[in-house]
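Q: Could you take a close look at one part with me, the place where the metal sits, and then walk outward from there? I am in my first year, so a friendly pace would help.

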Amino acid sequence: MTHDEFVAYIRERYATLFDPTNSDEVWRYLITIGPGWWPLFTDFCEQMEGVLRHHDKTGRWYIRQVKEKFGELRIYVRPAPYERPDVDGFMEWVDDIDPPEPTHVEEMLGIIKQQVTGRAAHVCEDCGEPGELRVLDGWYSTCCDRHFEEWKARKASRKS
Ligand SMILES: [Zn+2]
């Protein structure tokens, strides 16, 4: 499965978890994680869908962005009616933008997010094998031994 195919699958299978007004351009940058983490994110979507359905909140919360940052899986979820006309879809959603009030659903979403991102810390983003956080020349990546070696080799070849 290519990255585009994975994104298309998520977009269709979990349509209620994303803002229907997202343009194709927004979708192009919405999910940027490597294939090793795809099953974890799919699992998150499955759980989030269940939580929203159970609490009759389907369509009230949207996933805004899924990315790797400092080697960690980051999933940004926001309440659906939340709109800021002064920012565009590519902006990284900062954590000081809070929804009006914490709710039980928000707590549940926070818990499943922590579980999934916690698991990602031990899974290679490239291949899904067991991995851990590595640092190379100030760059961070969660990867397995093999992909760490490949990463180092790529770095070395660029320097020579
Ligand atoms: Zn790997």
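A: Happy to! The four donor atoms around the zinc ion subtend angles of 102 to 114 degrees, so their arrangement is tetrahedral. For four tetrahedral donors, the ideal angle at a metal is 109.5 degrees. Keep in mind that we are looking at a predicted model.

Who provides those atoms? The zinc ion is coordinated by the SG atoms of Cys124, Cys127 and Cys144 together with ND1 of His147, at 2.0 to 2.3 Å. Along the sequence, these donor residues follow the spacing C-x2-C-x16-C-x2-H. Cys127 belongs to the loop between α4 (104–120) and β3 (132–136), while His147 belongs to helix α5 (residues 145–159), so this pair ties together parts that are 20 residues apart in sequence.

Now compare how covered these two donors are. Cys127 has a relative accessible area of 29% and is partly exposed. His147 has a relative accessible area of 11%, which is under the 20% cut-off, so it counts as buried.

Next, let us step away from the metal to the salt bridges, of which the structure holds 11. One of them joins the side chains of Arg13 and Glu49, with 3.1 Å from N to O. This pair links distant parts of the chain, as Arg13 is in helix α1 (residues 3–13) and Glu49 is in helix α3 (residues 38–54), 36 residues apart. Arg13 is partly exposed at 35% relative accessibility, whereas Glu49 is buried at 11%.

Glu49 also meets Arg53 in a salt bridge, at 3.3 Å from N to O. Both of these residues lie in helix α3, four residues apart, or about one turn of the helix. Arg53 counts as exposed, at 56% relative accessibility. Through salt bridges that share partners, Arg13, Glu46, Glu49 and Arg53 become one network.

Another salt bridge sits within helix α2 (residues 24–30), where Glu25 and Arg28 are three residues apart, about one turn of the helix. Their closest N and O atoms are 2.9 Å apart. Glu25 is partly exposed at 35%, and Arg28 is exposed at 53%.

Finally, have a look at a pair of strands. Strand β1 (residues 61–69) is mostly covered, with seven of its nine residues buried. Eight bridges join β1 to β2 (residues 72–79), and the two run antiparallel. Trp61 stands opposite Pro79 of β2. Two residues lie between the strands of this hairpin, in which Phe70 takes a positive phi near 50 degrees.

Notes:
Residues are numbered from 1 along each chain as its sequence is written. This is a predicted model: local features need pLDDT of at least 70, side-chain atom pairs count only at pLDDT 80 or more; totals for chains, interfaces and linings use all residues. Side-chain values use heavy atoms; hydrogens and water are left out. Buried means under 20% relative accessible area, exposed over 50%, partly exposed in between (1.4 Å probe, protein chains only). Two strands pair if DSSP finds at least two bridges between them. Donors are N, O and S atoms within 2.8 Å of the metal (3.2 Å for Na, K and Ca); water is not among the atoms, so sites may look incomplete. Four donors count as tetrahedral if all angles lie between 85 and 135 degrees; four count as square planar and six as octahedral if opposite donors are over 155 degrees apart and all others between 65 and 115; anything else is irregular. A salt bridge is a side-chain nitrogen of Lys or Arg within 4 Å of a carboxyl oxygen of Asp or Glu.
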